[in-house]
Protein chains: 2
Amino acid sequence: MTTPTLTVDGPRLWRSLMDLAAIGAYDDERTGLRGVNRLALTDADAAGRRRVVAWMEEAGLTVRVDRMGNIYGRREGTDPTAAAVLTGSHIDSVATAGAFDGCLGVLGGIEAVRTLNERGIRTRRPIEVAVFTEEEGVRFGTDMLGSAVAAGRLTLEYAHALTDRDGRTLGGELARTGFDGTEDVRLAPPHAYVECHIEQGPVLAGSGVEIGVVTGVQGISWQEITVHGRAAHAGTTPTRLRADAGLAAAHIIVRLRELVDSGEYGDLRATVGHLIVHPDLTNIVPARAELTVDLRNPDDAQMARAEEALAAFLRELEESGPGLSVTTRRMAKTAHVPFDEGVQKVIAQAADDHGLEHISLLSGAGHDAQEIAALCPTAMIFVRGEYDGISHNPREYSTPEACAHGVDVLATTLLRLAGQD
Amino acid sequence: MTTPTLTVDGPRLWRSLMDLAAIGAYDDERTGLRGVNRLALTDADAAGRRRVVAWMEEAGLTVRVDRMGNIYGRREGTDPTAAAVLTGSHIDSVATAGAFDGCLGVLGGIEAVRTLNERGIRTRRPIEVAVFTEEEGVRFGTDMLGSAVAAGRLTLEYAHALTDRDGRTLGGELARTGFDGTEDVRLAPPHAYVECHIEQGPVLAGSGVEIGVVTGVQGISWQEITVHGRAAHAGTTPTRLRADAGLAAAHIIVRLRELVDSGEYGDLRATVGHLIVHPDLTNIVPARAELTVDLRNPDDAQMARAEEALAAFLRELEESGPGLSVTTRRMAKTAHVPFDEGVQKVIAQAADDHGLEHISLLSGAGHDAQEIAALCPTAMIFVRGEYDGISHNPREYSTPEACAHGVDVLATTLLRLAGQD
């Protein structure tokens, strides 16, 4: 027997999204649009969290906060011994964000609960809605942080000691914002985890479909490369005597694209998003360059080969001339995370039952779901973004219809996983 | 008849250099050395100026300050109608400087006057020692600024309106530091100008010679290039859909070195010293990159060809894919400035008469002399720097002997140009 579908209140969901987006809003000069700047555990994020907690309580959820500031709102089930079905995401943002990234999953979970309440539906298993801390990693440097600690991949001590650019610790900011909860941070394994999130990419838009069933998250490798050269006067130093750290950095960037274009490393993506040179003066050959390399690959073996090709190129650079040396620092590394096929099937069936077309796709971005996948069967629902799925940008936009449809699928999936009583 | 040589007090010159270097001194963490940070018209620069004015007055010079803050110390000649022989340089520094850049020319000029005084020598022409404002261009963005206004290439209004990074105007900073003089900024053409300066390059060190007779200053072209691309998520955006401004900047940097290495543009040097990307985040494809291109060439026609080759490459980049556009802004452009052969001969003869080996060489860096050359016969004396002539760095160092020898040549040259009475 299949339980009926659960259709949420789309306009109410949309109002929540817009209300939350007003917290931390700013006028983005580059786009002329209203953006969101709600870095983790800033005053804006704390205000957003208080709003979400209030919505949870209005929806009858019992709220608890753990020692990482992760927030869980619980709707009890009829079986007191059953493990909960978990949903959620994050509400922290990058500095130039839109309204949807993360928020759709959190507010979608609350909207699903509101709909269950209105329909008087009781489930056998409890349903919990989670808000994970510092998913973006922009402020404290490690992404998926709250969920990684909840899943046991990172320790609480590590996370609390992380500092932002101004030297403030995450632990201190938890206390300052009042989100230093007392609940054990290690999450008891849920029955399943389902996260609804905007795609942040162009695949759904390119396919003309609103709903994606996510098969997993591709592997991510982040490293910071520092090239040490030698400062020299631009006018007086003959070219052959230079050890130009900026030029070496440029060669690395160009080479990375060559690795991608070669096709020899599978579906590799490579991005150098951060790049600075010192002393950064017009007439001084850079003494030092610092860049980050973000590699993505759905195939862990291909990823390893790409990393080795990069390392070999760095050795070549060092050997290319005297005075150049290269150091690397591992920032993050996650393997390809395949999602649970059973949960994917429940999602796909829910979409079918709502009459929504869907495709299966791999996530290019990292998500809290890849951490929670270590604890329980997990999968994600992707919602189409307009403008090629642009994200981390005030232009980020999913239509009210697409958001509502994604959360319809989420609500029905949660209901079926939790079991209607 | 050749006048005798004039040998200065080397240890006294050295003490002046070290005393001035103590003003604006800082502990440089990178080198572990004591450096100098005396950006133009800061409190440190003003303190340095007051010290130099005091030394000038102790040496009997009559000091005047013009509306650009340029300082002139005048030693009268016996012919009241004769144009002065001018020497000098600057005492403002880059943020990470040594003790010698500019200061050697100013303090060398004062030391020459002290020596003339001690020897009771009167000259037919007056001798003036100049301190030019904002030679480095680091604080207000235009180098050789004080001498350029004195020579009439730039206007006083332009210079006064320039702002530093904090929005403070040069005019305001002149008033704040008390160096808003009342003398006409347009310099009456001197009889000749001679500037003693450290080489800031490796040629003298490579030749095993302490003294260089400078034949001119190579052409300098500075431009700022801004590449506009499109921000995109590193994980989700397929490579073919990217307009990566950072990658385009890297291609520009690599191409510039190719132009140099091709040998097709004469003795071209190319430096990208400033490079930033936006939004400068690990997992965002850069939407914008900004870089500066510093080109040097002793041949103006070759320089023009190199600039055209760069411009053609920028057009290629724009056409290479949708979403990329490039804008350029001219920051500075000076043609090759040949120095006066007559003054060069006086310098070479003075070196010979002091028993000092010398070679002729072109200046790779810009100097106040290239501005004053528009007003009168001009040449420069270069003094060898250790460590391949490293400069704009606390490691900048010329030996006490090399400094004294350079200023011996300067003093004798000034005496001969001014005419012993």
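This is a chat about a predicted model with chains A and B.

Me: What do I need to know about the numbering and the pLDDT limits?
Reply: Residues are numbered from 1 along each chain as its sequence is written, while chains are lettered from A and ligands numbered from 1 in the order in which they are written. In this predicted model local features need pLDDT of at least 70, side-chain atom pairs count only at pLDDT 80 or more, and totals for chains, interfaces and linings use all residues.

Me: What pLDDT does chain A average?
Reply: Chain A averages 96, and 100% of the residues score at least 70. pLDDT is the predictor's confidence in each residue, from 0 to 100.

Me: And what ipTM does the complex get?
Reply: The predictor gives an ipTM of 0.78, and a pTM of 0.78.

Me: How many helices and strands are in chain A?
Reply: Twelve helices and 18 strands. Helices (H or I, at least four residues) and strands (E, at least two) are DSSP runs, numbered from the N terminus.

Me: Why call chain A as compact as a globular protein of that length?
Reply: Its radius of gyration is 23 Å, close to the 22 Å that the globule rule gives for 421 residues, so chain A is as compact as a globular protein of that length. The radius is taken over C-alpha atoms, and the rule is 2.2 Å times the number of residues to the power 0.38. Along its principal axes, the C-alpha trace of chain A spans about 80 × 45 × 40 Å.

Me: What share of chain A counts as buried?
Reply: 57% of the 421 residues. A residue is buried if 20 or more other C-beta atoms lie within 10 Å of its own, exposed if 12 or fewer, and partly exposed in between; C-beta atoms are placed from the backbone.

Me: OK, the interface. How many residues does the contact take from each chain?
Reply: 53 residues from chain A and 53 residues from chain B. Two residues are in contact if their C-beta atoms, placed from the backbone, lie within 7 Å.

Me: Which element of chain A gives the most?
Reply: Helix 8, with eight residues on the side that touches chain B. That side divides into 24 nonpolar, 22 polar and seven charged residues. Here Ala, Val, Leu, Ile, Met, Phe, Trp, Tyr, Cys and Pro count as nonpolar, Asp, Glu, Lys and Arg as charged, and the others, Gly among them, as polar.

Me: Why say the copies meet through the same surface?
Reply: 98% of the interface residues of chain A are also interface residues in chain B, so the copies meet through the same surface.

Me: What turn lays chain A on chain B?
Reply: A turn of 180°, with a shift of 0.1 Å along the axis and an RMSD of 0.1 Å. That is the relation of a two-fold axis. In chain A, the C-alpha nearest the axis belongs to A:Ala250, 2.1 Å from it. Copies are superposed by least squares on the C-alpha atoms of residues with pLDDT of at least 70 in both.

Me: Back to helix 8. What does A:Ile252 touch?
Reply: A:Ile252 is found in helix 8 of chain A. Leaving out residues up to four places away in sequence, A:Ile252 touches A:Ile225, A:Leu291 and A:Phe313. A:Ile252 is buried, with 22 other C-beta atoms within 10 Å.

Me: Which residues touch the most other members of the largest nonpolar core?
Reply: A:Ile347, A:Ile381 and B:Ile381, in a core of 257 residues. A nonpolar core is a set of buried Ala, Val, Leu, Ile, Met, Phe, Trp, Tyr and Cys residues joined through C-beta atoms within 7 Å. Not counting residues up to four places away in sequence, B:Ile381 touches residues including B:Val194, B:Ile347 and B:Leu410.

Me: Backbone now. Where is the cis peptide bond in chain A?
Reply: From A:His278 to A:Pro279, with omega near 0°. A:Pro279 lies in the loop between strand 12 and strand 13. In chain B, a cis peptide bond joins B:His278 and B:Pro279.

Me: What is phi of A:Glu134?
Reply: Near 50°, a positive value in a residue other than glycine. Most residues other than glycine have a negative phi, and most peptide bonds are trans.

Me: Is A:Glu134 buried or exposed?
Reply: A:Glu134 is buried, with 30 other C-beta atoms within 10 Å. A:Glu134 lies in the loop between strand 6 (127-131) and helix 4 (145-150) of chain A.
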